[in-house]
Amino acid sequence: MVKQVVTTICFVLFHCIISYWAFMSSCSIHSSTKTSIPAIAKYFGTKGRYEEVNTYLIDDILAINNSLVKLPSSTCSEIHLTAIIRHGTRFPTTKNIIKMREFYDLVVRNATNNSSYLSEIKSHWEMWYKDEMDGRLVDKGREDHRYLAQRLIRWFPSLLTKDNLRKGRVILTTSSKHRCVNSTIAFREGLMTGLRIKVASVELDPTVNDALMRYFDQCERFVKEVENNKSALEEVKRFNEGPEMKRVMEKMADRLEVPYTSITDDSVEGAFYLCAYEFTIRKVNSPWCQLFDEVDAQVMEYTGDLKQYWKRSYGHDINSKSSCILFHDLFHRLDQVVSQINSDGNVLEAVTVQVGHAETLIPLLTLLDLFKDETPLKSTNFATQQSRTFRSGHIVPYAANLLVVLYKCSEGIRIGVRLNEKSLTLPGFTDPVPMYEDVKKRYRALLEGCDQETVCKMNYS
């Protein structure tokens, strides 16, 4: 089974209990609640579904959209794929469950508005989220990865093959977190289903590697300067105390008919999570979503994007530099593939799949200079950032994936990069599938100087 991970009977029982809670809650919701998509779903940020990024999947979860991908000449052939993937849909963390519970209690205890959606919450909705769920993968999250694996088989039929799986040329790596381990297992199941292979006939056990997939935990400078430093997120604090968030809180208090002093930024965040998780986990357009209009949702999205920007992206230099180890791992592997092609033509690692977190992907994308707005995101420029490039829900929804593909062409090796199954053009290029050596020249400074051990030291500047 999974290296370094022990699967116990207790864990199986826990999953059964969690699934039961979700099922019972789904059964108890009032029959009038529709399972349509909430009007504000596109603003859920990192709590959003993959289907909101690729809406064609709503009708066919196994569909691939060729119009979103730029390919090199038809004479080129794929020789390698690295896929760095966020885990699938999960339960909220204990910290957020507490916020959700406190808001639920406030509504049940103090809300006096007799609107239909509040009556439905009070009469038919039960607080079924439990502290022990704490970020664990849900069934929808397993589906996210099973279906993604099957779509990747369709995208890369010459790489994700029975022969490559059986000969050990497909490698799976994961973070140690349960949601990542179980996403990886679900991805493997998707491969087996898509290729019609019996699990017992192939040895494809994931390897846990937190040094790669949770590098941020092991970067001393990031932990001290950002993770454990409240001032690092000062822009988020200012926005949550600013006029836009104040107006959201006032409107929430008016809808509930409670004193303004009853509603805090944690209150509206808890309400927003209730709307988001009911939909992403259970596909329910719940009455909680009626507590927000589109402007409110845009404000909630922006506070989430501010947090990701200042904690994981361009806000602080160490955010991206903490991913140097993953950056070098990627290019070292690509170099090895090129070397093997140029020698005997036999690629030892056709496909590498690495499953981690939103916090794994965002710093790496930042290091590559992707999704960089001309004006930094700040607490004071919400109104002028409505067309911003940095939108975390578009970049890292559940099951977000960075796909790096090498192609062998007559003129040499080319590289293609896709995010969430859509082609990306790397900064400094006009060709979406440039020559690999040109890309190495573009990132030469990082390839020569982005040393993890050095940049993560506290005295580094």
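Biologist: Numbering the bonded cysteines of the protein chain in sequence order, what is the pairing?

Modeller: In this predicted model, the pairing of the bonded cysteines is 1-6, 2-8, 3-4, 5-7. The structure holds four disulfides.

Biologist: What makes Cys76 and Cys409 a disulfide?

Modeller: The cut-off is a pair of cysteine sulfur atoms within 2.5 Å. The sulfur atoms of Cys76 and Cys409 are 2.1 Å apart, and the two form a disulfide. Cys76 lies in the loop between α1 (9-28) and β1 (77-86) and Cys409 in strand β5, so the disulfide ties together parts that are 333 residues apart in sequence.

Biologist: Why is Cys76 called buried, and why is Cys409?

Modeller: Buried means under 20% relative accessible area. Cys76 has 13%, so the word buried applies to Cys76. Cys409 has 8% relative accessibility and therefore counts as buried.

Biologist: Why is the disulfide of Cys275 and Cys289 called right-handed?

Modeller: The torsion about the S-S bond of Cys275 and Cys289 is about 95°, so this disulfide is right-handed. Cys275 lies in helix α11 (residues 265-282) and Cys289 in the loop between α11 and α12 (294-312), so the parts tied together are 14 residues apart in sequence.

Biologist: Which handedness has the link of Cys324 and Cys450, left-handed or right-handed?

Modeller: With -60° about the S-S bond, the link of Cys324 and Cys450 is left-handed. Their S to S distance is 1.5 Å. Cys324 lies in helix α14 and Cys450 in the loop between α18 (444-449) and α19 (452-455), so this disulfide ties together parts that are 126 residues apart in sequence. Both cysteines, Cys324 and Cys450, are buried.

Biologist: How do you know that Cys180 is in no disulfide?

Modeller: A disulfide needs sulfur atoms within 2.5 Å. For Cys180 the nearest cysteine sulfur, that of Cys219, is 19 Å away, and Cys180 is in no disulfide. Cys180 has 0% relative accessibility, so Cys180 counts as buried.

Biologist: Which residues line the largest cavity, and how do they divide into nonpolar, polar and charged?

Modeller: The lining consists of Leu330, Phe331, Leu368, Leu402, Val404, Ile415, Val417, Leu426, Val439 and Tyr443. Leu, Phe, Val, Ile and Tyr count as nonpolar, so the lining divides into 10 nonpolar, no polar and no charged residues. At least two lining residues come from each of α14 (324-343), β5 (401-409) and β6 (412-419).

Biologist: What volume does the largest cavity have?

Modeller: The volume of the largest cavity is about 70 Å³. The count of cavities of 30 Å³ or more comes to four.

Conventions
Residues numbered from 1 in each chain as written. Predicted model: local features only at pLDDT ≥ 70, side-chain atom pairs only at ≥ 80, totals over all residues. Heavy atoms only, no water. 1 Å grid on protein atoms, 1.4 Å probe; cavity = no way out; pocket = protein on both sides within 12 Å on 5 of 7 lines; lining within 4 Å. Points joined across faces, edges and corners; volume = space filled by probe spheres on them. Helix = DSSP H or I, 4+ residues; strand = E, 2+ residues; numbered from the N terminus. Buried < 20%, exposed > 50% of the residue type's maximum accessible area, 1.4 Å probe, protein only.
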